[in-house]
Every structure is written in structure tokens, then in C-alpha cells.
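Okay everyone, thanks for coming. I'd like to walk you through a structure that will be new to most of you, so let's get it up on the screen.

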Amino acid sequence: MDRLVIEGGLGLSGRIRVGGAKNAALPCIAAGLLSDGPVTLSGLPAVSDIRTMLKVLEGLGCAVTRTPSPDGLELTAAIRAVELEKGELRAPYDLVKTMRASILVLGPLLARYGKASVSLPGGCAIGARPVNLHLEALQRMGAEIQIDKGYVEARVPGGRLKAMDHTFDKVSVGATENLLMAATLADGVTTLRNCAMEPEIGDLVDLLQKMGAKIEGIHTATLVITGVATLGPCEHTIIPDRIEAGTYLCAAAAAGGDVVLDRVVPEHVRALTELLDRCGCTLTERMGQDGPQLRIQREKGQKLRARDITTAPYPAFPTDLQAQAMAVMTQANGISVIKETIFENRFQHAMELERLGANLRIDGGTAIVAGASPLMGCTVMATDLRASATLVIAGLVAEGTTTVDRIYHLDRGYAGLDTKLQGVGARIHRVSGGTV
Ligand code: EPZ
């Protein structure tokens, strides 16, 4: 099993190009089921979650061609979903258990083919993560759903979903995406209220509109979708990954240095940049050749100030950057109170940070971090993607050698994290094989 070995204590300096957003790419791939295609998606990050989602579509009968970018960090995929109804339209447990976003094929399959068999994802390291909001809303559109032997067995009597006026009980990124895709081919005008407003949903709306969907309310909590009979082919480039961008901003803030991010949408990381600004970092936005850039500066020896954080749906502070921001707070002077309101078990990085020397306490959904603490390298491992990124950040700060084990979590969502960090002067390298 691969691991990352980091010699910490160095500041970071240079440029990093942000890749395409994993969490925008996953629903966009699922949307490929809605038309014969080809739906050609560029800027897909070359990470294992994307490979899994493409495999799910191939398993359903889609033809997928993949073209890697010259640096191997991204790929373009052309998806053709033709005559899938001849198959059993099944997303199997083996794939779904490794990636929950597979549930996003349910809405498109029901909308286009009136039937689907999708494994329930099962447990997750960061929280219970049920899919009741997806299923309840699809039932309101006329789908008949049963859970049988761990699978969501769904069919639509008459073949076409019916429009509805629906208010989600809770803000959910995935449920918003699933129902949005389902409504594009439904009979009538669907209104979805209390939708998530994450930029990834805006990207999905953009793609669906290019395919011919009629959607109003992009970037708002109310989406109005007029169902059409068919959707067509299109080409689309995935938005830059705000969580990857945020991870590198946290790395520079924690380790110190002067880093410029290329291909970033500053608005998408505003909650983080405002926090880092209040902590004492200098953030500058400017226009580069490749679009907007973000520069973060924190001189070596410059003290950070501790600040409190509460995660909440966009545009508030994202749960997907909570762990990375915690690593920053270990280096800030004072007490930081971090409240996680989205997932009930998303502090697993805390104990590993403690092993590196952080001073913190967990009380339910709240973490209290007292800084600044000197960190000392050791072997750590994490149980999820963002927690792993946090341990890399802590390893960049720590004196001596930090080994981050189980980096298959990182490989699910970060393309070339080690090479990108090497590019800004970090001493980090991947070691293949060995013990866990
Ligand atoms: C998406 O997950 C992201 N994944 C997650 O990214 C992210 O942490 C999360 O949104 C919140 O921003 C993808 O986009 C692929 P939710 P999702 O439905 O859609 C509860 C990462 O590190 N809920 O918005 O699964 C749920 O338990 C990850 O890249 C229900 O109760 O999240 C949670 O408490 C991990 N019933 C809250 O809603 C449901 O049916 C928000 O979850 C659905 C959700």
C-alpha cells in the first residue's frame, strides 16, 4: 500500500495549477446517462473516484472513451448512453460501496429509462449519510421504490416521472443533484426548494442546459425545471476544484510561504480566504493568463491568530475544508472553536493531529484547538479523503519525517498532490508498497 513521506519544516513557494472539481465531475458523469450523447467532459481530475464513476456507467452499458491530459492529471471522457434499457440497469455493490456518489445514477436512470437497480451505499467513515431525501423525492415524482437485498429497486409505472413541487427537509448536495437530473426529463414543471447552492450544482445546471434542459434559478435555493422529451450531446469543461484549491491555501497558511494558485474561482473559496485573512495571512486576487489567480502569503515566523469555524452549506464554511483548516489552527496563537454541523463523525483527523503534537479536545460536534503547537513528525493514517490531506499539511509543518499511510484515500480525490507540492518546494515523496 502506498504512503507519503514528508520532511517538514519548510515554507512553500511557487505556483500550483488547480485541477477540475471531483465533486462537480461526478454528477456531470451521471448526467451522461440522460442522452444518447456523446456528452464530452473535459477537466475531469484523474482520481480514483472518477475512474469508479466511469466504470459504473460502463457497467450500465455506456460506451466511454478516455483521453488523458499531457501531464496525466486530468482526462476528457466522451460518454455515449445508447439503448441501455436492453441491460439490467444495475449499479452493483462492489462499485457503489467504494464511492457513494454512485447513487447519482438513480435519478437519470429513472428519468430516462423508468427503471433502475442501485446498491445502497452502506456505512461511511464521516457519518451515517443516508439517502432518504433522494428516495422520498423520487417517490413523489411517481417512482415505486423498494429496498431488496441491499439494492434500491426502482421503477416508474408508465415510464415517465411526473413533475412536482418539492421542498427538501434538509439541504443536501446529492439529493439536489439527483432530483435536478430526474426532473429534466419529467412530465411537467418541477420546482425544487431548499436546494443546496454549492458551485458544483451550478456546474451541473450549466451542463444540463447545454444538453437542452430547461432550468431556471441557477445558483439559488429554488430550481424550476421544465421537463423536455429528450436531451442531446454537448461538450463541457468541469469547474476548478474549490476544495483542492482550499487545501493548498491551508498548506501555505500552515507551513508559511508565498503560493499562487492558477485556475481558481476566488468566489468559490471566499469563506476560507476570509478566514485565513482574519488569521493574518495576506490574500490577493488577480487576473492571470489562465484566468483568475489567488496568491497567499505568510512570512516565515509571522504569527497566525486563532479564529473560530462553523461548517454549513455553501456559501458558508465547507465541511470539506474543516479538517485542513484545523491543521492551520494548530499553528495559530489562541483558542479556535471548530463546529462541524454537516457530518457527525468528521473529526477523525484530530487524534492523528494530536499524535503529531497538536493540543486539542473534541466534545461532540465541536473541536477546541489551542495553538500554536510545535509539531513533530511521526507515522499517521487517516480514514477519509480530507482527513488525509490534513495530515499531509501537518506533515509539511512538522519537524522531521512524517509518514502518511493509507493514501488510497487521498488518491480518491487529489490528482498529483505530491507532485504539485514538490513544485512549490515541499519535500514529499510517494513510497510504494510496505505495511499499513
Ligand atoms: C457531498 O456529499 C459531497 N460529495 C461531500 O464531499 C460533501 O462533504 C457534502 O456534499 C457536503 O458538502 C460529493 O459531492 C460527491 P449531502 P453528499 O447530501 O451529497 C444528510 C468530499 O470529501 N443527508 O449534502 O453525500 C447527510 O447525512 C466529500 O469530497 C440526509 O440526511 O452530502 C449530511 O448530514 C465527502 N439524507 C447532510 O445531509 C439524505 O438523503 C448533507 O449531506 C442525504 C443527505
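Let me start with a small puzzle: is Asn194 buried, exposed or partly exposed? Have a look for a moment. Asn194 turns out to be partly exposed, with a relative accessible area of 29%. Keep in mind that what you see is a predicted model.

Why pick on Asn194? Well, its phi is positive, about 60 degrees, and yet Asn194 is not a glycine. You'll find Asn194 in the loop that runs between β11 (189–193) and α7 (199–211).

Leu89 is another non-glycine residue with a positive phi, in this case near 50 degrees. Leu89 sits in a loop too, the one between β5 (74–80) and β6 (90–91). But Leu89 has a relative accessible area of 1%, so Leu89 is buried.

While we're on the backbone, let's look at cis peptide bonds. One of them joins Tyr314 and Pro315, with omega at about 15 degrees. Pro315 belongs to the loop between β19 (309–310) and α10 (322–329). Then there's the bond from Gly371 to Ala372, which is also cis, and omega there is near -5 degrees. Ala372 is in the loop connecting β22 (366–371) with β23 (379–381).

Now, the ligand. How many residues surround it? The count is 23, and the closest are Asn132, Ser172, Val173, Asp320 and Ile342. If you sort that shell by class, you get 11 nonpolar, six polar and six charged residues.

Where does the shell come from? Some of it comes from helices: α1 (22–31), α5 (132–140), α6 (173–184) and α12 (385–397) each give at least two residues. And if you think in domains, at least three shell residues come from each of domain 1 (3–19 + 240–431) and domain 2 (22–237).

Let's zoom in on the ligand's oxygen atoms. There's an N or O atom in the side chain of Arg129 that is 2.9 Å from a ligand oxygen. With Leu133, a polar backbone atom is 2.7 Å from an oxygen of the ligand. Gly174 also uses its backbone, with an N or O atom 2.8 Å from a ligand oxygen. And how much of the ligand gets covered? On its own the ligand has 830 Å² of accessible area, and the protein covers 87% of that.

Let me stay with a few pieces around there. Asp320, which I listed among the closest residues to the ligand, is in the loop between β19 and α10. Asp320 has a relative accessible area of 15%, and so counts as buried. The side chain of Asp320 also makes a polar contact of 2.7 Å with the side chain of Arg346.

Next, helix α1, one of the helices that feed the shell. Nine of the 10 residues in α1 are buried, so this helix is mostly covered. Among the buried ones are Lys22, Pro27 and Cys28.

Then there's Ala175, up in helix α6. Ala175 is buried, at 0% relative accessibility. Its C-alpha atom is 8.8 Å from that of Asn132, and those two residues are 43 apart along the chain.

Over in strand β9 (residues 151–155) we have Val152. Val152 is buried as well, with a relative accessible area of 0%. The C-alpha atoms of Val152 and Leu135 are 8.8 Å apart, with their positions 17 residues apart along the chain.

Last topic: cysteines. How many disulfides does the structure hold? Zero. For anyone who'd like a reminder, a disulfide is a covalent bond between the sulfur atoms of two cysteines. To be counted here, the sulfur atoms have to be within 2.5 Å.

So why does Cys62 have no partner? The closest cysteine sulfur is in Cys234, and at 14 Å from the sulfur of Cys62 that is too far for a bond. Cys62 is buried, by the way, at 6% relative accessibility.

And what about Cys279? Its closest cysteine sulfur belongs to Cys281, 6.4 Å away, which is again too far for a bond. Cys279 is buried too, with 1% relative accessibility.

That's my tour, so over to you for questions.

Key: Residues are numbered from 1 along each chain as its sequence is written. This is a predicted model: local features need pLDDT of at least 70, side-chain atom pairs count only at pLDDT 80 or more; totals for chains, interfaces and linings use all residues. Side-chain values use heavy atoms; hydrogens and water are left out. Buried means under 20% relative accessible area, exposed over 50%, partly exposed in between (1.4 Å probe, protein chains only). A residue is near a molecule or strand if one of its heavy atoms lies within 4 Å of it. A polar contact is a pair of N or O atoms within 3.5 Å; within protein, one must be able to donate a hydrogen and the other to accept it, and residues adjacent in sequence count only if both atoms are side-chain atoms. Accessible areas come from the Shrake-Rupley method with a 1.4 Å probe; for residues, only the protein chains shown count as cover. Helices (H or I, at least four residues) and strands (E, at least two) are DSSP runs, numbered from the N terminus. Ala, Val, Leu, Ile, Met, Phe, Trp, Tyr, Cys and Pro count as nonpolar, Asp, Glu, Lys and Arg as charged, and the others, Gly among them, as polar. Domain bounds come from an automatic or database domain assignment.
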